[in-house]
Amino acid sequence: MAYESGALDATLAAAAGDDPALMRDLRSAFVESAFTQLDLLKRSRCDGNWNVAAMRLKGLAASFHAEDLLIAAENALLSAPGEPAAIRDIEVVLNRFAG
């Protein structure tokens, strides 16, 4: 999965304008929210909880134009709850965003 932060950065810049502190805060809020949903995804023990966490990740990704996260969340929706590959793909994307 290729990492492309251009759309995310452009979305954050559009919201923050010329305020670098606000841009850092928005990025931090995005990453924190995404990791929270990833944690819920990891702890899901049923289809319903898995789907809710994956849909929230997908919505967050769509809101911030984070294409790689959107794709990983869609893949999780197509996977069985607890699927290690789906979780790992999301972790890789989020670690790149957080990096």
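User: Which residues of α2 meet α5 in this predicted model, and what makes that a contact?

Analyst: Contact means heavy atoms within 4.5 Å. From α2, Arg 27, Phe 30, Val 31, Ala 34, Phe 35, Leu 38, Leu 41 and Lys 42 take part. Their partners in α5 are Ile 87, Ile 90, Glu 91, Leu 94, Asn 95, Phe 97 and Ala 98.

User: Why are α2 and α5 called roughly antiparallel?

Analyst: Good one! They pack at an angle of about 165 degrees, with their axes 10 Å apart. Angles over 145 degrees count as roughly antiparallel, and therefore α2 and α5 earn that name. The crossing of α2 past α5 is left-handed.

User: What span is expected for α2, and what does the helix reach?

Analyst: Helix α2 covers residues 20-43, which is 24 residues. At 1.5 Å a residue, 34 Å is expected, and α2 reaches 35 Å from its first C-alpha to its last, so the two values are close.

User: Which residues in α2 are buried?

Analyst: Phe 30, Val 31, Ala 34, Gln 37, Leu 38 and Leu 41 are.

User: How do you know whether Ser 44 is buried or exposed?

Analyst: Compare its value with the cut-off. Buried means under 20% relative accessible area; Ser 44 has 4%, so Ser 44 is buried. Ser 44 lies in the loop between α2 and α3, where it touches Asn 49 and Trp 50, leaving aside residues up to four places away in sequence.

User: What makes the link from Ser 44 to Leu 40 a polar contact?

Analyst: The side chain of Ser 44 reaches the backbone oxygen of Leu 40 at 2.8 Å. The limit for such a pair of N or O atoms is within 3.5 Å, so the distance fits.

Definitions and conventions: Residues are numbered from 1 along each chain as its sequence is written. This is a predicted model: local features need pLDDT of at least 70, side-chain atom pairs count only at pLDDT 80 or more; totals for chains, interfaces and linings use all residues. Side-chain values use heavy atoms; hydrogens and water are left out. Helices (H or I, at least four residues) and strands (E, at least two) are DSSP runs, numbered from the N terminus. Buried means under 20% relative accessible area, exposed over 50%, partly exposed in between (1.4 Å probe, protein chains only). A polar contact is a pair of N or O atoms within 3.5 Å; within protein, one must be able to donate a hydrogen and the other to accept it, and residues adjacent in sequence count only if both atoms are side-chain atoms. Axes are lines fitted to C-alpha atoms, for helices over the stretch in contact, and angles run from 0 to 180 degrees between N-to-C directions. Angles under 35 degrees count as roughly parallel, over 145 as roughly antiparallel, 65 to 115 as roughly perpendicular and the rest as oblique. A crossing is left-handed if the near helix is turned anticlockwise from the far one by less than a right angle, and right-handed if clockwise.
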